[in-house]
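Open the model in your viewer and keep the selection panel at hand. The stops below go from the whole chain to single elements.

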Amino acid sequence: MSERFVCIHGHFYQPPRENPWLEAVDPEDSAAPFHDWNARIAEECYAPNSAARILDEQGRICRIVNNYSRISFNVGPTLLAWLKRQQPETLQAMVAADRAAQARFNGHGSAIAQVYNHLIMPLASRRDKITQIRWGIDDFRHHFGRDPEGMWLAETAVDTETLELLAEAGIRFTILAPHQALQVRRIGDGDWQVPKRLNTAVAYRCPLPSGREISLFFYHGGLAADVAFGDLLRDGGRLARQVVGSFSRDKAPQLAHLATDGETFGHHHRFGEMALAYCLDSIERESLAQLTVYGEFLERFPPQQEVRIHDNTSWSCAHGIERWRSDCGCRIDLQRNWHQRWRAPLRAALDWLRDELAEIFITGAQRLFPDPWQARNAYVEVLLDRSRAASFVDAQARRELTASEREQALGLLEMQRQAQAMYTSCGWFFDDISGIESQQVLRFAARALHLAADAGYPDLVEPFLQRLELVPCNDPRWRHGRQLFEEKILPTRVDLAHVAAHHAIASGFSGRERPAVEALPIYCYRAREKALEQHSVDGSRLCLGRVDIASDITWERGEFLFAVLHIGGYSLNAGLLPCRDDAHYQAFRSEVLPPFTGGDLAEVLLQLDRRFGAASYNLWHLFADERRNLIEEILADTLRDVEREFRVIHDRHLNLLRFLRDLSVPLPPQLTIPVGSILNSDLQRALAAEPCDIDALHASIDEALTLGIEVDRPALAHVASRRISALLEAVAAEPGAADRLQAASDLLDQFAHWGLKVDLWRAQTRFFELYAAGNVPTTPGAVALAERLQVRLA
C-alpha cells in the first residue's frame, strides 16, 4: 500500500490595527457588534478552531477537537501579541495544540514561525530582512517554547537572498505556491527542467549560492483555490474526498497539502472550522491517508529533487511582487475604475523615510551600543516583555548609561520598530491609499517621524509630505497623500500633553472625590497624580490637578498642571501647562479657585483662557474608547427622555398598529420607528434581567412578529449568545444548577420561536465539556438543553 499523507496549512494573520501611540486598537464600527475586527475574527475563527465541533449522522455534536493540533499553522507575531492581551485562552489553546502535535507527529509541532511584520521580503533591505527573521524566530520561541522548523513568508513573497537568510538562521523549510518553482531536477542529475506541471506531492531541496540549502514545499494550487474561493468548506466529507482525490497512482510516498489564509476556516466561510475538523476526522477514521505536518514529512522523506525558484514572486500577485510597488492591475474591487498608481510613490516615500531614519539611528545609537543593528535585532526581547527594557539596555550598552541616554536609546529603537511596521504588506494590497490599511502604515510612519523629532531631527516631516504629494488618491475627498496625511493621520498624534489632557478630562468629568493615585495606567503610559481636587458650585464642577505622565515604551516623562471646568452636559473646557514645581501649581490654583467658589464662571473662563490659550482641550481629545463611554454617559439622560416619549407612542398606538396590520395596510414609519426602538429596549432588558425574564421576552418577540417590525437582530443575537454562555458558566461554577440549565433551554426555545440565529459554539462547547466531566445532571431541563444545543448525550 502506498504511503499517503495529508497536511493543511492555515496562515492566521491580521494586519496590526493598534494606534501606534497607545499600543491599543481603536473602536472599528464596521466590526459591530464587536469592538474591532480582531475581536470579531477571533470570535468567528481563531477561538472556534480551538474547539471545533464534529457532528454525527443526526447533526448532533459528538466530538470537539482542537484543529490547531492536526493542521500546520502559523500566527502572525503582531496577532499573537493581540491574542495574549485580549484572548489569552485562545493563545493558550494554540500553544497546547502545538505540544499535542509534537506527541502526534514524532516530535514535530504543528506551528511554524512567520516574518515579524508581514512585509514583502524581496522589497526589504538585507538589514531589514535579517531583523524580520530574527524577530519572527524569537517571537516564536517566546510563545511556543521551542525553535521553529519552518517560517512563513508574507504573501509567500520570495527571493534568493531571503532563502539564504532563512537557511543561515536555521530555518529548515518554507511553503510556496506552485508557480514559484522555476526549474527542477533529480538530485545528482545535471540538467534543470522547466516543469510542465509541478509535482507538489514531495519536498524539494533548494541549493543556494552560498552553499547552504533549504527545503521547499509547493502547495497544491487547485485545492487551495477551491478551499479559499470555492464551496468545499460547505461539506467536510467532500473536502476530505477532494484532498485524497489529488493523490496520483504512484506508490511512492505522497503529500497532499494546501495552504490558505487561516481566516478561511470560520471567518470567510462560516462553520469552515467544522468542515475542516470533519475533513481531518474522516481522513483518519476511514484510513484514507495519514495526517502529518511539514517537519515530520521532511524528516521521513527527505527531498529527492532540487528546485530553483522564480525570484520576486508571491502567491497573491500574478505579476510577481508588483502589487506592492506598481499599478499592476491587481486589486479587490474590479467594478470600480480606480488606478493603483499611488503604490509606487508611496513605497518611494517610505523608502526615503526608512533611509533617513537609519541614518538618525546609527548616528545616535553608535554612541550608546557597540553594535546598533545587533541591538535592533535583539530589541524583540523588549517587545515581548516591556519589563525587560532596563536589563536589555544595560546588556546592549557599551557603558553605564545615564537616565536620559536610556530614554534616548529606547526612543531610537522604538523609531526603528515603527519603521519596520510601516512596511506591513496590507498597506499596498488594496485599492487606494485612503483605505484603512494604507492609513495604518502612514500612522506608523507618523509615529516614526515623531520619535525622530524627539531625537532631535524635526526636519523630516516637510520632505516626507512633499513626497506624499506625488501619491495620487482615488477617493475624491483627498487630492493626494499629503492632504490625507495632514487631515487624517497627523491629528491622531499623541504626545505627553495629550495623555495628560485625557487624564484631566476623564478626572474632571467624573467629578468623584478620590485620593491622588500613585500609578494610574493609561494605555502604554502611566499617570502619577501629585494633586487632584474636585469642587462643585450650583451644578458646575472644577477639577484641578498636577500629574506626572511617563511612557512605558520610551520612558519619556513630563509633569503638568491642569484645570477642567464642566458646566454641564457636553460643555467642558480643559487646559494644561507644563508644571515646574508645587509652588507653580499653588500659584495657579490660587488664581482659578476663588472666582469659581464665588460663582463667577465668566472670570474662571477668562482665567483659563489667559492661562492656557492654545493649550485648551475638550471632549474630542479623549482617546476613542473613553470618548465613546463619556458620550454614552452624557447621552444617557437624553436617551431616557426619548425612550419615555417613544413608550407613550408605543402604548397609545399599539392597537392601531395591530389594526393596520390586520387590514394589510403598510405601517407608517412615524409609528414603527419608535415602536421598534421600544421593542429593542424591552428585549435587551429581558435578556439582561437576573433571572432572565422569559415572559417579557416572549411578549416582546410575539409583538415584533405580529407587527412585522424588524429589530436589531445582530445586536440582540450577540447579547443572546453571551447570555446563554453566561448561564453555562454559572453551571460550571455550581455543578448541578438545574435552574440555569432550564433557563438556557427556555431561552433557546424563544430564539427558535423568533427565528433568531444565535452563535452557539461557545455554549455548545461548554455544555459538551460539562457533560463529559459529569457536571450535568440528567434532568428534563438538561436533556432539553442538549437537544436545543444539538449535543449528543451518551
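Show the surface of the protein chain: the accessible area comes to about 33,600 Å², and 49% of that belongs to carbon and sulfur atoms. Such areas are worked out by the Shrake-Rupley method with a 1.4 Å probe, and for residues only the protein chains shown count as cover. This is a predicted model, in which local features need pLDDT of at least 70 and side-chain atom pairs count only at pLDDT 80 or more, while totals for chains, interfaces and linings use all residues. Residues are numbered from 1 along each chain as its sequence is written, and side-chain values use heavy atoms, with hydrogens and water left out.

**The whole chain**

Switch to the C-alpha trace, which spans about 95 × 75 × 55 Å along the principal axes of the protein chain. For 794 residues, a compact globule would have a radius of gyration near 28 Å, and the 30 Å of the protein chain agrees with this. That radius is taken over C-alpha atoms, and the globule rule is 2.2 Å times the number of residues to the power 0.38. Of the 794 residues, 56% count as buried (under 20% relative accessible area; exposed is over 50%, partly exposed in between, with a 1.4 Å probe and protein chains only).

Now colour by secondary structure: the protein chain has 28 helices and 21 strands. These are DSSP runs numbered from the N terminus, helices being H or I with at least four residues and strands E with at least two.

**The sheet of six strands**

Select β16, β17, β18, β19, β20 and β21, which form an open sheet in that order with antiparallel pairing. Two strands pair if DSSP finds at least two bridges between them. Which strands stand at the edges? They are β16 (520–522) and β21 (616–617); each has a single partner strand, so one side of each has no neighbour in the sheet. Strand β20 (571–578) is joined to β21 by 2 bridges, and G575 has S616 as its bridge partner in β21.

Add helix α19 (496–510), which lies across β16, β17, β18, β19, β20 and β21 and runs at about 35 degrees to β19. Then add helix α21 (601–612), which lies across β18, β19, β20 and β21, at about 155 degrees to β19. Axes are lines fitted to C-alpha atoms, for helices over the stretch in contact (heavy atoms within 4.5 Å), and angles run from 0 to 180 degrees between N-to-C directions.

**The sheet of five strands**

Next select the open sheet with the order β9-β12-β11-β15-β10, where the pairing is mixed. At its edges stand β9 (173–176) and β10 (181–186), each with a single partner strand, so one side of each is left without a neighbour in the sheet. From one strand to the next, the twist averages 40 degrees. Strands β10 and β15 (305–309) run antiparallel and are joined by 5 bridges; look for R186, whose bridge partner in β15 is Q305.

Helix α5 (160–168) lies across β9, β11, β12 and β15, at about 115 degrees to β12. Its buried residues are T162, L163, E164, L165, L166 and A167, and their cover includes α4 (126–144) and β8 (151–152). Just after α5, G170 takes a positive phi of about 95 degrees.

**Last stop: helix α6**

Select α6 (221–229), where L223, A224, V227 and A228 are buried. Seen down the axis of α6, these buried residues fall within an arc of 120 degrees, so they line one face of the helix. The arc is that of the directions from the helix axis to the C-beta atoms. Show α7 (236–244) and β13 (254–261) as well, because the buried residues of α6 pack against them.
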